[in-house]
Amino acid sequence: MKERKKISLIIEVVILSAVCVLLTGFFTDIFLYLRTRHRVAASTEYFTGQIAEEVKKSVEEFPANEWLLKYWYDHSEELDIEYDVPFERGTRTEEKCRLLISHVPDLQIRYADTDKILSMSAEDQKLYAEIAYSWLITRIDQIKQSYHVDFLFCVVSDETCKTQYFLFSAADEDSVRGTNYEEVYTLGVTVDTSESQQEAMRGAKQHEAHLADAGDYVDYYAYLSSMDEKDLFLGLTYDLSALNKSVYAQTWEGAVFASAFQILLSVIFLLLIYFVVIRPLKNVQESIRLYKETKNSEAVIRDLSMVTLRNEIGQLSDDVKDLTLEIDDYVDRIEKISAEKERIGTELETARNIQSNMMPHTFPPFPDRPEFDIFADMDPAKEVGGDFYDYFLIDEDHLGIVIADVSGKGVPAALLMMATKIIVQNCAMLGKTAAQILSTTNESVCANNQNGMFVTVWVGILQISTGKLTAANAGHEYPVLKNPGQDFEVVKDKHGLVIGGYEDSRYMEYELCLKPGSKLFVYTDGVPEATDSKEKMFGMERMLEALNAEPDASVRKILENVRRSVDTFVKDAEQFDDLTMLCLEYKGKK
């Protein structure tokens, strides 16, 4: 083996420490920055909510606020608005107040309700709307200037939120009002909205208020009310660019200081690690290498006895000494076990050959009997399996057919399989019926079944001259029959109890009439229960599809089709059960 380039442990520890310090500083910087941003966002959301509530109360101070909002929206082009004027004498708004009072002497302008306003003339309603708007704008300006909000406004939008119709917006003392982008919008200006603004308005409609982060700016929208299938929102915008820069600078400064402190601690820690851990470990490592190269456990034990530390490294030294002695003993035992395993492997291979030779494997088996053709195949899941098949001539006019599956796998199943095969064949050769064969076999197995194993068996006796098949089933899979000109179909025969299950079990016979061209397919559960890597079984439906792919093919070809279909289904999945199949074609006398 090519020797890899060695790197000192202390160098690796230094590199890992440096990486940890850098990563810790990096993630600390990110964590602190995000945490601070989150706190700023939470504080901003609370603060803007308070401002929005104050604006909302300013609007609601007018008892007829709903009428005013709708009137301003419907008559924006007709109104003569005086913007951003103080509550002082000499303004046009003050003149409008005197004029309105002269028209409606009993009117209290600030406290007029909707009914009172609707009782006035259209001209007086217009005067009232202009006065209320100017007063509200002045109040909104004061709120904006007091809280240093960048933008404060009320807009109308439809369900798409793609545009904003400005009902009012607050201004600073030196602001210019107009319809251009950098000016404070007047009543009736409509502008397109950004995606973040649309998100904020939709969020406000669902949750009454929503704060959207748009980089250095945050947009806050509070849902006010609905009007003619449109929605009214109070909006605030804050410029957080300066605050963000300050937050980032403070976070970076803290992260750098923390990283420098960690580096200092790491240097001190590394020095301690070298003298207390790495240097004693190197002594242990040299002793291990000595044992690897020389297998001289005495020299290793002598060298490690010089390590006198009472910590884990000292314990490691003692463990290595014990381990060298155990390895010496283990190697001796492994050599003995390997020899024994090789012997067992040879015996298992011999058992497999014996098992294979006990089953007929010459095809065609009876070349001088043209009345039928038969083919069978078995693939055990282990070196030796528990499945078996058999066929034999009982006399010149009767053919015995057997297929069976022993519970369990390996050598115990193979031993029971061979015993069952011999008993079944002997009973058949004595002229017993299919049911009698199963009963006698069951009695013999139950008499010496201390391990509680069992066998499923299907036995059939074919009268060659007539095609009459007499069969009995001891808990085995259903046979599959194909009549001439038809597909393979499952024969749901009556099952008896498995062989070895109960000593006094009785078995029922049934008859099948095979016509020239009929085919009989019997199998063990390893076929339908073959499992792929996802633990999905092959199943009866796929087995029938494989049989009926070429139903008129030879018996060998039919088994090849089934096996190919099973292999395609399971792919590389491990085979967990023996897979045994037998197919008989009855041709009749020619």
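Two strands pair if DSSP finds at least two bridges between them. Helices (H or I, at least four residues) and strands (E, at least two) are DSSP runs, numbered from the N terminus.

**Before you start**

This is a predicted model, in which local features need pLDDT of at least 70, side-chain atom pairs count only at pLDDT 80 or more, and totals for chains, interfaces and linings use all residues. Residues are numbered from 1 along each chain as its sequence is written, and side-chain values use heavy atoms, with hydrogens and water left out.

Show the whole chain. It has 13 helices and 19 strands. Of its 590 residues, 43% are buried, where buried means under 20% relative accessible area, exposed means over 50%, and partly exposed is in between (1.4 Å probe, protein chains only). Contact means heavy atoms within 4.5 Å. Among the contacts in the chain with a separation of 6 or more, 67% are between residues 24 or more positions apart.

**Stop 1: strand β13**

Select residues 468–474, which form strand β13. Six of the seven residues in β13 are buried, so the strand is largely enclosed by the rest of the structure.

Add residues 455–463, strand β12, which pairs with β13 in the antiparallel sense over seven bridges. Label Trp458: its bridge partner in β13 is Asn473. The two strands, β12 and β13, form a hairpin with four residues between them. In the turn, Gly467 has a positive phi of about 85 degrees.

Next select strand β17, residues 509–513, which is antiparallel to β13 and joined to β13 by five bridges. Here Thr470 has Glu511 in β17 as its bridge partner. Color the side chains of β17 by face: Tyr510 and Leu512 are on the covered face, while Glu509, Glu511 and Cys513 are on the uncovered one.

Finish with residues 495–496, strand β16, which runs parallel to β13 and is joined to it by two bridges. Ala474 has Gly496 in β16 as its bridge partner.

**Stop 2: the largest nonpolar core**

A nonpolar core is a set of buried Ala, Val, Leu, Ile, Met, Phe, Trp, Tyr and Cys residues joined through side-chain atoms within 4.5 Å. Which members of the largest core touch the most other members? They are Val457, Trp458 and Leu584, out of 53 residues. Helix α10 (residues 410–429) supplies the largest share of this core, seven residues. Another core, of 51 residues, lies apart from it and includes Val55, Leu79, Ile109 and Val218.

Center on Val457. Not counting residues up to four places away in sequence, Val457 touches Val402, Ile403, Ala404, Leu438, Ala472, Asn473, Ala474, His476 and Ile499.

**Stop 3: a five-stranded sheet**

Show the open sheet with the strand order β9-β19-β18-β14-β15, where the pairing is antiparallel. Its edge strands, β9 (372–379) and β15 (488–490), each pair on one side only. Neighbouring strands in this sheet are turned by 15 degrees against each other on average, direction ignored.

Within the sheet, select β18 (residues 518–523) and β19 (residues 579–586), an antiparallel pair with six bridges. Leu520 stands opposite Leu584 in β19.

Now add helix α13, residues 555–570, which lies across β9, β15, β18 and β19. The helix α13 runs at about 150 degrees to β19; axes are lines fitted to C-alpha atoms, for helices over the stretch in contact, and angles run from 0 to 180 degrees between N-to-C directions.

**Stop 4: Lys515**

Select Lys515, in the loop between β17 and β18. Is Lys515 buried or partly exposed? Lys515 counts as partly exposed because its relative accessibility is 49%. Leaving aside neighbours within four places in sequence, Lys515 is in contact with Pro484 and Tyr586. Lys515 and Thr466 are 49 residues apart in sequence, with 8.3 Å from C-alpha to C-alpha.

**Stop 5: helices α2 and α5**

Last, select residues 65–74 (α2) and 122–147 (α5), two helices that pack at an angle of about 100 degrees with their axes 10 Å apart. From α2, Trp67, Leu68, Tyr71 and Trp72 take part in the contact. The α5 residues they meet are Ala122, Gln125, Lys126, Tyr128, Ala129, Ala132, Tyr133 and Leu136.
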